[in-house]
Amino acid sequence: MFFSRWETRFRKVSGRESRGWCAIAWGVLFLVCPAPPAARAEVIDKMVAVVEGHVITLSDLRQEREIRTRLGDKPENDDTALIRDMIDNYLIEKQSSDFPGVDVSPEEIDRELQKSPPQEGVPSPAIRAAIGRRLRMQKYFDLRFRQFIRPSDQDLQKYYDEVFVPEAKNRGLDPIPPLASITDAIRNNVVQEQINHDVDGWLEAIRARSNIEIFQ
């Protein structure tokens with residue numbers, strides 16, 4: 001960034017005066033700020049996206065993949081899809097940061113860690129932070145959306161007839177359990193689908209009014 005500002009200034013100066021100023025300025029820069037060999041060989045992290053002033057880098061992408069692997073998530077090999085997930089997560093985190101009732105305790109993080117695949121060693125702070133973000137997100141969605149969703153008996157019957165039964169037949173389930181025996185499971189699925197629908201619409205509106213840049 002420092003050199004970019006100098007270069008922009010140099011391009012605005014024309015002719016022989018420009019060449020003279022360039023030579024003098026670069027000479028001053030390297031005399032005043034000599035870089036050691038190690039610093040000159042250092043590879044600068046690549047910026048892949050900016051959302052509301054928050055920078056996402058290539059190393060952030062690598063860390064996110066490592067965290068997801070550690071927590072047993074399905075791997076995401078598409079960089080663009082992963083970047084968009086991280087952007088959405090940042091927007092959700094920003095929206096939920098001041099929302100009451102979404103704080104997460106260390107004990108809650110410990111309990112959630114017990115559900116993840118066993119690993120050697122102590123979980124890193126990055127892993128614990130990621131779990132904390134997920135739990136806060138879940139609490140936020142419960143308070144923001146779930147508590148207002150009340151599926152009717154007709155909603156449950158429709159899901160059972162149009163979703164559960166066809167899927168059960170495709171999997172060869174025999175006999176197919178009656179709705180009365182799986183009402184709670186069907187209700188949970190209906191609620192979750194409605195939450196997903198509501199969150200998608202809510203996120204789309206937030207993205208539309210947010211400053212987001214993705215660098216391919």
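Me: How far does helix H5 (residues 79–96) reach from its first C-alpha to its last?

Reply: In this predicted model, local features need pLDDT of at least 70, side-chain atom pairs count only at pLDDT 80 or more, and totals for chains, interfaces and linings use all residues. Residues are numbered from 1 along each chain as its sequence is written, and side-chain values use heavy atoms, leaving out hydrogens and water. Helices (H or I, at least four residues) and strands (E, at least two) are DSSP runs numbered from the N terminus. H5 has 18 residues, and its reach is close to the 26 Å expected at 1.5 Å a residue (1.5 Å times one less than the number of residues): the value is 26 Å.

Me: Which residue caps the N-terminal end of H5?

Reply: The cap is a polar contact (a pair of N or O atoms within 3.5 Å, one able to donate a hydrogen and the other to accept it; residues adjacent in sequence count only if both atoms are side-chain atoms). A side-chain oxygen lies 3.0 Å from the backbone nitrogen of Thr 80, and this oxygen belongs to Asp 78.

Me: Which strands and helices do the buried residues of H5 pack against?

Reply: Buried means under 20% relative accessible area, exposed over 50%, and partly exposed in between, with a 1.4 Å probe and protein chains only. The buried residues of H5 include Leu 82, Ile 83 and Met 86. By contacts (heavy atoms within 4.5 Å), they pack against S1, S2, H4, H7, H9 and S3.

Me: Is Phe 215 exposed or partly exposed?

Reply: Phe 215 lies in the segment after strand S3 (212–214). Because its relative accessible area is 32%, Phe 215 is partly exposed.
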